[in-house]
Every structure is written in C-alpha cells, then in structure tokens.
Amino acid sequence: ERSQDLLKEIKEPPLLLFVQGNLQAADSMAIAMVGTRRATRYGKLNAERFAEHFAMNNIIVVSGLAYGIDTYSHKATIKAGGITYAVIASGIDKLGPAESRANADKIIETGGALISNYFCGISAIPPFFLHRNRIIAGISKATLVVECGYKSGAMNTARNAFDEFREVFAIPGNITSEKSVGTNILIKQNKAALALSPKSILEDLGILSIDKGEQLNISFSDENEKNIFTSLSLEPMHIDEISEKTELDISIILVKLLELEFKGAVKQLPGKFYIQNR
C-alpha cells in the first residue's frame with residue numbers, strides 16, 4: 001500500500017498534510033527509523049547501515065529530522081541514492097536550527113519530502129512531537145527503533161506502530177547502556193521483533209533483499225590485503241589491534257586499508273578505527 005494510504009488507516013488520521021517535495025509512487029514502501037538524539041557510536045553505525053540497505057532495496061526511509069538517529073538515517077539514505085521523508089512537528093517554514101533546514105533542503109533536492117500537519121507559521125511545542133510520531137508510524141509499513149532510552153519519543157513512535165498493528169523491529173543493545181534500555185525492553189515485552197540485520201527485516205516483510213555484502217565480490221590484490229579484511233568485522237577495530245591480529249607493520253596496513261576503502265570494502269571511523277563496509 002502507498003504510504004499515504006496507510007496513514008488513512010490509523011485511528012483519527014490527520015485531516016490534511018502539508019508537503020514540500022515529492023511523495024513517491026503507489027507501489028513504494030516506507031520504513032520508519034527512529035531513536036535517541038544522543039546516539040552512541042553503535043547507534044550511529046547501525047542507523048547508517050540499516051538505512052543504506054533499505055535505500056538499496058528502494059525502501060523510503062521515514063524519520064523526524066531530529067539530531068542523532070534521525071539525522072544519521074536521513075543522511076545515509078541520501079548517500080546511498082535513496083529517498084527519505086522527514087516528518088516535522090512545526091509548520092514547514094518553521095524549522096529550528098540551520099542544520100535542520102539544510103538537511104531538509106537536501107532531502108527535497110534528492111527526491112524526498114518534508115511532511116507536516118501544521119500550518120505555516122506554527123512553531124514546534126512538546127505536544128506536537130507526539131502528533132508527529134503518530135504520522136511517522138502511520139505512514140510506514142514498519143518501524144525500526146535503532147537506539148533509545150525507556151522514556152523517549154522513539155518509544156512513543158514504537159507504541160503508536162504497535163497499537164496500529166504495524167510491524168515493529170528493534171536493534172538489541174548493550175544491557176548496561178542507557179541508550180539501549182528502550183530497544184531491549186521492546187524486545188523483552190514482545191512489542192518488537194529482534195532486528196539482527198537489514199536483510200532479516202526485509203525478509204520478514206516479504207521483500208527479496210539485495211544484500212550489499214553479496215554484491216561486493218572483493219578481489220584482493222594480495223594475501224596481506226585479504227588477511228586485513230578478514231580480521232575486521234562490523235565491530236570497530238583500532239589499527240593497533242589490526243596490527244597485533246595480522247602481525248603486519250602499521251605502515252603496510254595503512255596502505256592496504258586505503259586500497260580496501262577505494263574498493264568499498266572497508267570504512268574508516270574517527271580515531272583510526274575500521275570496520276568492514278557491508
């Protein structure tokens with residue numbers, strides 16, 4: 001079903017929406033991605049990874065244009081050549097920080113849309129964010145909670161999706177992290193399915209997934225390059241640890257990592273940490 005048609009099915013749907021940009025065709029599917037404004041590195045990496053895979057599979061990524069998980073999801077979707085919708089809690093002309101306006105402009109430029117159910121001239125106030133969350137959940141076939149605390153807007157969005165009998169997924173997190181309390185509780189209470197990978201979500205939704213890892217088909221230039229790649233995973237690893245694990249000099253590793261980055265097989269993170277890019 002078209003995302004706009006899905007929104008009509010919720011309890012008390014909005015009477016009208018204001019849209020800047022483009023709403024997609026009738027056969028399009030949307031998945032909401034929500035989470036904390038103060039994301040950890042784990043949350044950021046997962047937001048980017050899942051959004052990229054959804055974009056590759058022609059899924060519209062819906063979020064709320066806030067700092068943290070929302071912004072990471074929007075930006076990763078755009079970077080992967082996908083379409084994203086931003087649902088906001090104010091009039092379209094009343095976006096707050098300049099960064100939000102810049103992100104909104106980029107979303108529109110790349111074929112996405114800015115969506116609100118508030119007239120121009122109306123500024124955001126706390127209750128409006130709850131209304132915004134209903135639209136994020138209502139316009140989406142499924143909602144993915146990436147990382148959040150127990151009391152958060154993301155939990156409100158998840159509850160809205162659950163109450164409307166939409167699919168809800170949550171990425172499990174460290175049990176000692178406050179930022180993962182919400183996602184872990186959703187899974188424990190059976191209000192969200194365990195999101196182990198983007199592919200698992202798409203399969204649960206009945207979509208044949210195009211998996212980036214399967215597309216890479218990396219051709220290694222030598223054994224050192226292969227060893228460096230296989231020593232990495234989706235867990236960030238510092239270059240010193242790579243050196244210890246592979247027993248290679250850091251000077252050699254830096255050259256090979258750069259080659260792997262050019263091939264799209266490895267991603268560098270701040271602080272000389274690296275992960276496999278899959």
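**Loop residues with positive phi**

I began with Asn-190, which I found in the loop between helix 7 (181-188) and strand 8 (193-194), bearing in mind throughout that this is a predicted model. I noted that phi of Asn-190 is near 60 degrees, a positive value in a residue that is not glycine. I then looked up how much of Asn-190 is accessible, and with a relative accessible area of 66% this residue counts as exposed, the cut-off being over 50%.

I turned next to Phe-165, which sits in the loop between helix 6 and strand 7 (167-170). Phe-165 is not a glycine either, yet I read a positive phi of about 60 degrees for it. Is Phe-165 buried or exposed? I recorded a relative accessible area of 78% for Phe-165, so I entered it as exposed.

**The chain as a whole**

I stepped back to the overall figures and counted twelve helices and eleven strands in the secondary structure of the protein chain. The C-alpha trace spans about 65 × 40 × 35 Å along its principal axes. I compared the radius of gyration of the protein chain, 20 Å, with the value near 19 Å that a compact globule of 278 residues would have, and the two agree. Of the 278 residues, 50% are buried. I also looked at how contacts are distributed along the sequence: among those between residues at least 6 apart, 73% join residues at least 24 apart.

**Helix 5 against helix 6**

Two packed helices are described by the angle between their axes and the distance between the axes, and I looked up both values for each pair below. For helix 5 (residues 126-138) and helix 6 (residues 153-163) I noted an angle of about 50 degrees, with the axes 8 Å apart. That angle makes helix 5 oblique to helix 6, and the crossing in which helix 5 passes helix 6 is right-handed. On the side of helix 5 the contact is made by Leu-130, Asn-133, Arg-134, Ile-136 and Ala-137, and on the side of helix 6 by Gly-153, Asn-156, Thr-157, Asn-160 and Ala-161. Sorting the residues of this contact by class, I obtained four nonpolar, five polar and one charged.

**Helix 12 and its two partners**

What angle do helix 11 (residues 239-246) and helix 12 (residues 250-262) make where their axes cross? I read roughly 110 degrees, with the axes coming within 10 Å, and helix 11 and helix 12 are therefore roughly perpendicular to each other. In helix 11 I listed Ile-239, Asp-240, Ile-242, Ser-243 and Thr-246, which meet Ile-250, Ile-253, Leu-254 and Leu-257 in helix 12. The residues of this contact divide into six nonpolar, two polar and one charged.

I then followed helix 12 to helix 10 (residues 223-231), where the axes cross at roughly 80 degrees and come within 10 Å. This crossing makes helix 10 roughly perpendicular to helix 12. Helix 10 contributes Asn-224, Glu-225, Ile-228 and Phe-229 to the contact, while helix 12 contributes Ile-252, Ile-253, Lys-256, Leu-257, Glu-259 and Leu-260. By class I entered six nonpolar, one polar and three charged residues for the contact of helix 10 with helix 12.

Leu-260, in helix 12, deserved an entry of its own. I noted a relative accessible area of 0%, so Leu-260 is buried. Setting aside neighbours within four places in sequence, I found Leu-260 in contact with Phe-220, Glu-225, Ile-228, Phe-229, Ala-265 and Val-266. One of these, Phe-229, is 31 residues from Leu-260 in sequence, and I read 7.8 Å between their C-alpha atoms.

**Two further residues in helices**

I looked up Arg-49 in helix 2 (residues 41-56) and asked which residues Arg-49 touches, not counting those up to four places away in sequence. I listed Leu-196, Ser-197, Pro-198, Leu-234 and Arg-278. Arg-49 and Arg-278 are 229 residues apart along the chain, and their C-alpha atoms are separated by 7.8 Å.

My last entry is for Glu-109, which lies in helix 4 (residues 98-109). With a relative accessible area of 61%, Glu-109 is exposed. I also noted that the C-alpha atoms of Glu-109 and Asn-22 are separated by 9.4 Å, the two residues being 87 residues apart along the chain.

Key. Residues are numbered from 1 along each chain as its sequence is written. This is a predicted model: local features need pLDDT of at least 70, side-chain atom pairs count only at pLDDT 80 or more; totals for chains, interfaces and linings use all residues. Side-chain values use heavy atoms; hydrogens and water are left out. Axes are lines fitted to C-alpha atoms, for helices over the stretch in contact, and angles run from 0 to 180 degrees between N-to-C directions. Helices (H or I, at least four residues) and strands (E, at least two) are DSSP runs, numbered from the N terminus. Angles under 35 degrees count as roughly parallel, over 145 as roughly antiparallel, 65 to 115 as roughly perpendicular and the rest as oblique. A crossing is left-handed if the near helix is turned anticlockwise from the far one by less than a right angle, and right-handed if clockwise. Contact means heavy atoms within 4.5 Å. Ala, Val, Leu, Ile, Met, Phe, Trp, Tyr, Cys and Pro count as nonpolar, Asp, Glu, Lys and Arg as charged, and the others, Gly among them, as polar. The radius of gyration is taken over C-alpha atoms; the globule rule is 2.2 Å times the number of residues to the power 0.38. Buried means under 20% relative accessible area, exposed over 50%, partly exposed in between (1.4 Å probe, protein chains only).
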